[in-house]
Each structure stands twice: as C-alpha cells, then as structure tokens.
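Me: Please take a close look at one part of this structure, the salt bridges, and describe the residues that take part in them. I would appreciate a single connected account rather than a list.

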Amino acid sequence: MNAPPRRPHRQQDAPGTRRGGRRMRSVVLGNRSARGSRSVARARTSGAGPGSGGRGGTVVGHGLRVAAAYAWRLLVVGVVAYAVFSLLGRLQLVAVALFLALVITAVLRPLADLLARHMPRTPAVVLSIGGSVLLVLGLLALVGRLVAGESGRLGHEFAGGLGRIERWLEGSPFHVSHAVLSNLQDKVAHLISENRSVLITSALSGVGRAVEVVTGLVLALFCSLFFIRSGDKFWRWFKDLIPPSARDPWDRAGRAAWRSFAGYTRGIIIVAATNAVLVGIALYALGVPLALPLTLLEFFAAFIPLVGSPVALGVATVVALATRGPVVAIVVLCLIVVIGQLEGHVLHPLVLSWAVRLHPVVVAVSVIGGSILAGVIGAVVAVPMVSVAWSVISELRTPPEPAGRSPDSPPAPP
C-alpha cells in the first residue's frame, strides 16, 4: 500500500519575523493609501469627484468654474447697481442737489480755508458762498439785460439773415429752388400752429421744472454750507459707524474718491473758463451779436466732455450765419476744431494732471451711457463718477502708506 502523503511541515516564524512582516504590510498599505489620496486630489483638482471618472463622469474645467463664480457675483453687483440707480431715479432732485453741493464744496472750500485764516470759520464759509452766489446772479442779470436790450435789433438782423441764407442757398453751389424753401417755411409754420397746445403745455411744465431747479439749488447751497463748515466731522462720524477692522480701507477709499472728485471738478472749471474766454474773444472780434451769452453757454456746455463745446459753438455758428453771413459762420465753425484740439491735447493733460486721466474711449462711452440713463444730468455726472470709481479701485489695489507719513486732508462728503 502506498503511504499517505505527508503534509508539508509548517515552519514556525520567529517572533521578530512576524513583526517584520506586519511592518512590511503596513508600509505597503500606507503607500497604496497615499497613492489613492493623491489620485483623489488630482481628480478633485481637475473638476471631477472620486467616482466621476470613466464613461459616465462629467469633468468641469477650472476655467468654467472660475467663470461661473465670477458670473453670479457680477449678477449680484448688477442687481445692487440697478436698485441703487432706480432709487436715485426716484430721488433725482435730492441726488442732483447733493452732487451740486459736493461740486460747490470742491470749488469753494479752498477759498473758505483761506478766509478762515483771518476770521472765524463760519463767517468765512458764509462769505465765500454768499459772494459766489452774488457773482453768478450778477452775471445772469447782465446777460438778461444784454439780451433784452438787443432783442429788437436782433429781430431785424435775424430776419435779414434768413433772407441772406435763402439767397445763399438759391445761388451757387447749392442751387436750391425758391419753391422748395417756401414749402419748407410753410411746413414749419403749419407744424408750429398744429402743436401750439403741446408747446404751451411744455412751457407750463417748464415753469414747474424751474421751480424744481430753484428748490434743488437752495438745497445744494444749504448742504454745501455744512459740508464746507464741518465736512471733516461728517467723515469722522461716518468712520465711527464702520467696524474697526474695515475703517482703514474705507478711509483710504474715501480720501482717494474725494481727491479725484475735487481735482476733476476744479480742473474742468478751469478748462471751461479757458474755452469760454477764447470763444468770447473770438466772437467779440468777429462782431457776432450776443457774444457774452454765447460765452456763458460755452462755459456751462464745457462740463459735458467731448460733446458740450461743439454743441455750444454750433449755436454760435447759427447766430453768426443769421447775423453776419456765411464767411463769419465758417470762421466760427473752425473754432470748433481749434477749441477741440486745444482742449483735448493741451488743457486736459495739463490742468487735469492731479485727477484721474481716463482714455477718450472711456470718456465717450461714459458720456453716452450717462445721457441714455439720465439725459443731460447723466452726461454731466458720468465722467466724474467713473473717475471716482477708478481712483478708489486703484487706491485699494495698492498697499497702504507707512504710518509715519502724514495723511492728506480728509474728505468733505458727509
């Protein structure tokens, strides 16, 4: 008979050998778990979870996730901006009055500070604001007196000027027939007679608008009185309402905003005054009637960048064409090009060097967008607001100044 097969003898491991095997297995398992955790981390970084690989998984790229994060934040900012603009649209009179008060503060605060060196602060503020109001009212009274005194002569000159324009259009090189011009005059007269009630309603609504303008001016003067008198206290009171950890960024942003706004306001006034003086000298030398009213129109129109000055000079060109003939009108028309080049290449870079300098494309888009949103007021407000926003962003992106340096004068807004 065959002997049964022997079972292999199980070799007993030494105690040290057992412990060495367990240690080896733990090292192997630890390496496998580390490799697994690294693979999970790579999967999460690439946009997929641990079980999203293979055929049914969806991998979301890093760029798409960043774009989605920015998208919902931009949506929130857009909703907040729309709510703010809607509220300002309902409170347009108050918003415009506060903006005008800040403009008055930026212009008259240096004068009030200068007078405050020789007298108490309150009389200095009252004297600066009262003197400025009297100066503006005196100019408006002078303009009204000039217009009223020359109204009769201007009526005859305009009538003769229209006849000269008709003869000029009928001659070379236009050769417009007299029947076409007569038909155009009849259409204009018929249109005015048909819309007379609409014109009367517009005039009455204009009276109501004038009351609103006077109310806004009074509110602006009232607010500017306190802004110039104690604007620093307003700013410190506002900073006390902010948590201590956020006071330094808010203080830097507020100072940058006020520097930009004040610099832009003072600079644009200097630019507007320079344009007005040049236009007034040219109109007076050419003998164009109403030179002073047209000069003031140029001054106020220059507050709308890139658009205001050409429009004001266009009105002056029409007046020159009707009263002095086509040659003088062409000379006035050439002033549009000269003033535009001087303003864009000399005055703005030289005078507005302390304020934020924006690219002409940004200025044009801001003016057009502001005019679409709020008309003439939006066109005036758009560029300084964009300048303030850009200066705040630039200030917050730069590191804060050392503590040893003395800060600028605090801003005056409430």
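Reply: R109 is a suitable starting point: with a relative accessible area of 11%, this residue is buried, since buried means under 20%. The model is a predicted one, and the values that follow are computed from it. The salt-bridge partner of R109 is D232, and the closest N and O atoms of the two are 3.1 Å apart. This pair links distant parts of the chain, as R109 belongs to helix 3 and D232 to helix 7, 123 residues apart. D232 counts as partly exposed, because its relative accessibility is 26%. The buried arginine thus faces a partner of another accessibility class.

Across the structure, the count of salt bridges comes to seven. Another of them joins the side chains of E395 and R252, with an N to O distance of 3.4 Å. Here E395 lies in helix 12 and R252 in helix 8 (residues 244–286), so the pair ties together parts that are 143 residues apart in sequence. Both of these residues are buried.

E395 also meets R259 in a salt bridge, at 3.8 Å from N to O. That pair again links distant parts of the chain, with R259 in helix 8 and E395 in helix 12, 136 residues apart. R259 is partly exposed, at a relative accessible area of 35%, whereas E395 is buried at 18%. Returning to the starting point, salt bridges that share partners join R109, D113, R121 and D232 into one network.

The surroundings of these helices add context. In helix 7, which holds D232, S224 is also found. S224 is buried, with a relative accessible area of 0%, and a polar atom of its side chain lies 2.8 Å from the backbone oxygen of L221. Beyond its neighbours within four places in sequence, S224 is in contact with A101, I104, T105 and I129.

Helix 12, spanning residues 360–397, includes S366. This serine is buried, with a relative accessible area of 12%. The side chain of S366 reaches the backbone oxygen of V362 at 2.6 Å. Leaving aside neighbours within four places in sequence, S366 is in contact with A382, V383 and V386.

Finally, helix 3 (92–115) and helix 7 (196–240) each give two or more residues to a nonpolar patch. That surface patch, of about 680 Å², includes L87, L91, L219 and F226. Of these, L91 sits in the loop between helix 2 (62–90) and helix 3, and is partly exposed, with a relative accessible area of 45%.

Technical notes: Residues are numbered from 1 along each chain as its sequence is written. This is a predicted model: local features need pLDDT of at least 70, side-chain atom pairs count only at pLDDT 80 or more; totals for chains, interfaces and linings use all residues. Side-chain values use heavy atoms; hydrogens and water are left out. Helices (H or I, at least four residues) and strands (E, at least two) are DSSP runs, numbered from the N terminus. Buried means under 20% relative accessible area, exposed over 50%, partly exposed in between (1.4 Å probe, protein chains only). A polar contact is a pair of N or O atoms within 3.5 Å; within protein, one must be able to donate a hydrogen and the other to accept it, and residues adjacent in sequence count only if both atoms are side-chain atoms. Contact means heavy atoms within 4.5 Å. Patches are made of residues with over 30% relative accessible area and no salt bridge: like charges are joined within 9 Å, nonpolar side chains (Val, Leu, Ile, Met, Phe, Trp, Tyr) within 5 Å. Accessible areas come from the Shrake-Rupley method with a 1.4 Å probe; for residues, only the protein chains shown count as cover. A salt bridge is a side-chain nitrogen of Lys or Arg within 4 Å of a carboxyl oxygen of Asp or Glu.
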